[in-house]
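This report describes selected features of a protein model, with attention to internal cavities, a sheet and one residue of interest. The sequence and the structure are shown first.

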Amino acid sequence: MYTGDQYLADAFAACGVSHFFHVPLVLPKAVKAMQAAKVNPVVVHSEKAAAYMADGYARASGRIGICGAQQIGAANLAAGLLDAYMARSPVLALTGGSSATTRDRNQYQEVDQQPIYAGLTKMTSRIDMASRLPDMLGQAMRVATTGAPGPVHLELAGFTGFVLNEPIDAAPLPNPAFALCPTVRHAAPFADIQRAADLLQQAERPVIIAGSGIRSSRAQDALKQFVRSHKLPLATSLDAKAVLAESDPLSLGVCGIYSREMANQAVSEADLVIFAGTTTGSMTTTGWKVPAPGVAAIQIDVDPRELGRNYPLQASLCGDPATICEQLSEVAEEQPDRSGWLAHIETLRADWRRTIETVETSNARPIRPERLCRTLSEELPEGALLVVDTGHAAAWAARNIYLDRRGQGLLRAAGSLGWSYPAALGAKCAQPNRPVVCLTGDGAFLYHMSEMETARRYGINTVTIVSNNGGFSQEKPIWIDNPDYDHHWRFSPVNYAEAAQAFGCKAYRVERPDDLAPILRSAFRDDAPVIIEVVTDELVLHPPAWTPSEQARFY
């Protein structure tokens with residue numbers, strides 16, 4: 001007898017999905033069928049962690065990530081989709097749910113899930129009959145991976161989704177092309193491309209700002225070729241940081257609220273800004289101050305709703321960023337002499353290196369976060385994927401992480417504290433032969449440190465660096481005026497290395513700066529889940545972002 005459970009497992013296998021991240025107990029018969037089909041079910045310790053793992057899997061691979069929870073866990077799973085929604089990550093959430101016979105009758109643990117998921121997904125729908133699974137699963141995958149990617153949700157009738165126990169007729173499996181994004185690469189109209197090329201030809205001080213859409217489009221190589229061919233300085237959001245090596249003379253680093261001063265300075269002086277795959281949100285534009293409103297601007301985005309949302313445009317290029325970069329490369333003529341502008345960019349780069357050298361090589365104890373990031377940059381292996389949390393982890397990574405070796409990449413939380421550790425585990429599942437390193441703070445790590453047990457149980461061998469400064473130090477300016485508030489941001493003493501060892505993980509504790517490099521080298525050789533606790537200085541706060549007229553502050 002062929003059932004919906006078997007169809008689901010066959011569909012995942014046919015589409016190249018290698019993992020299903022979930023909490024017990026959802027789709028038990030489908031889980032058994034998945035394991036037989038070489039799709040690996042991973043049982044985790046919280047619904048949010050399952051969603052974050054599926055998200056990390058999707059961002060690392062471009063392939064749809066799958067997570068699931070039984071009916072009562074649906075709301076928790078939905079909360080975990082917020083980061084995927086903000087980051088345009090293709091994730092499919094499967095939950096047990098209400099049925100036609102129990103709906104609106106106060107069934108135990110039953111609530112209406114549709115309003116919960118409506119604001120966090122591109123699509124949410126119910127499956128009340130197993131026979132609807134083939135068409136609804138295919139539709140959900142198409143929605144998740146086309147246009148601007150994003151999470152989708154299917155509610156499966158029954159506490160554990162047992163509607164899929166029903167027999168169904170054999171049906172075509174989903175098209176594997178819609179399990180990977182971008183599925184369709186739309187070109188922009190030629191007239192729009194020509195308009196943008198003409199504007200670029202006229203510009204004296206152009207700058208490109210690249211965002212997470214470059215990752216979603218897998219447009220890194222196309223953008224890199226365009227930038228280098230036309231000698232265009234490139235600033236990025238943190239999510240697009242690895243497009244150019246930091247040593248490249250055209251690399252400005254990360255701009256925005258978490259940024260390097262030189263990036264914001266260059267962007268503020270540009271007479272043409274090309275927004276490539278960025279939604280021009282507040283983080284990348286320093287609260288819409290850098291670049292200044294009214295600057296001549298071109299925007300590239302797959303979603304037409306984003307074009308001109310925050311900056312008036314001289315040219316709007318709607319389509320796949322990789323394809324549009326290729327179109328622009330074909331049309332754009334040889335660029336005018338901008339040697340003065342490029343020399344100024346090099347001066348900004350030199351000023352940055354000179355300014356930051358002292359703190360990045362500091363031997364102070366507790367360890368300065370700049371020293372931690374500089375040493376990590378020097379030791380990070382070729383091809384490594386760095387996954388960073390939000391807050392101070394993101395801020396220091398933006399300023400002081402240097403990705404210069406071939407194949408290195410970076411993923412960051414779109415805003416959810418605690419995202420990075422489960423996401424790194426999901427990313428490692430997607431790319432098991434790639435070194436995956438998580439950079440997080442103690443406040444973020446405390447959210448999901450129970451997943452150390454998951455990592456050990458399934459042999460998910462990531463290296464996790466926990467910057468332990470004893471609290472939510474980024475919040476210190478809010479409470480510092482009164483010691484009676486210390487308990488709002490300072491933590492009780494915790495030895496994370498000892499905790500990791502108790503979970504069965506390999507662990508190191510670093511208190512001296514000179515120990516960082518040898519311990520990192522050792523950790524990258526260890527074939528095990530590794531936790532490195534680095535004791536860092538709670539007094540060192542990320543500096544405010546540079547703006548032309550004032551220092552913009554996060555708080």
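## Cavities and the parallel sheet

Strand β9 contributes four residues to the lining of the second largest cavity, the largest share from any element. The model is a predicted one. Besides β9 (251–254), strand β8 (234–236) also gives two or more residues to this lining. The complete lining consists of Leu234, Thr236, Lys241, Val243, Leu244, Glu246, Ser251, Leu252, Gly253 and Val254.

A search of the whole structure yields four cavities of 30 Å³ or more. The two largest are set side by side below.

| Cavity | Volume | Nonpolar lining residues | Polar lining residues | Charged lining residues |
|---|---|---|---|---|
| Largest cavity | about 160 Å³ | six | nine | three |
| Second largest cavity | about 60 Å³ | five | three | two |

In the largest cavity, 18 residues form the lining, and those nearest its centre are Gly147, Pro149, Val302, Asp320 and Pro321. Helix α9 (residues 212–217) supplies three residues, the largest share of that lining.

Strands β8 and β9 also belong to an open sheet of six strands, ordered β9-β8-β7-β10-β11-β12, in which the pairing is parallel. Because β9 and β12 (315–318) each have a single partner strand, they stand at the edges of the sheet, and one side of each is left without a neighbour there. On average, and with direction ignored, neighbouring strands of this sheet are turned by 15 degrees against each other.

At the β12 edge, strand β11 (residues 297–301) pairs with β12 in the parallel sense over four bridges. Within this part of the sheet, Asp301 is placed opposite Cys318 of β12. Towards the other edge, helix α11 (residues 261–269) lies across β7 (206–210), β8 and β9, and runs at about 115 degrees to β9.

A further site of interest lies in another strand. Thr440 is located in strand β15 (residues 436–441). Is Thr440 buried or exposed? Its relative accessibility is 2%, and because buried means under 20%, Thr440 counts as buried. Apart from neighbours within four places in sequence, Thr440 is in contact with Asp389, Ala393, Ser420, Phe445, Thr464, Ile465, Val466 and Ser467.

Conventions: Residues are numbered from 1 along each chain as its sequence is written. This is a predicted model: local features need pLDDT of at least 70, side-chain atom pairs count only at pLDDT 80 or more; totals for chains, interfaces and linings use all residues. Side-chain values use heavy atoms; hydrogens and water are left out. On a 1 Å grid over the protein atoms alone, a cavity is a set of points where a 1.4 Å probe fits but cannot get out, and a pocket is an open set with protein on both sides within 12 Å along at least five of seven lines; lining residues have an atom within 4 Å of a point. Grid points are joined across faces, edges and corners, and a volume is the space filled by probe spheres set on the points. Ala, Val, Leu, Ile, Met, Phe, Trp, Tyr, Cys and Pro count as nonpolar, Asp, Glu, Lys and Arg as charged, and the others, Gly among them, as polar. Buried means under 20% relative accessible area, exposed over 50%, partly exposed in between (1.4 Å probe, protein chains only). Contact means heavy atoms within 4.5 Å. Two strands pair if DSSP finds at least two bridges between them. Axes are lines fitted to C-alpha atoms, for helices over the stretch in contact, and angles run from 0 to 180 degrees between N-to-C directions.
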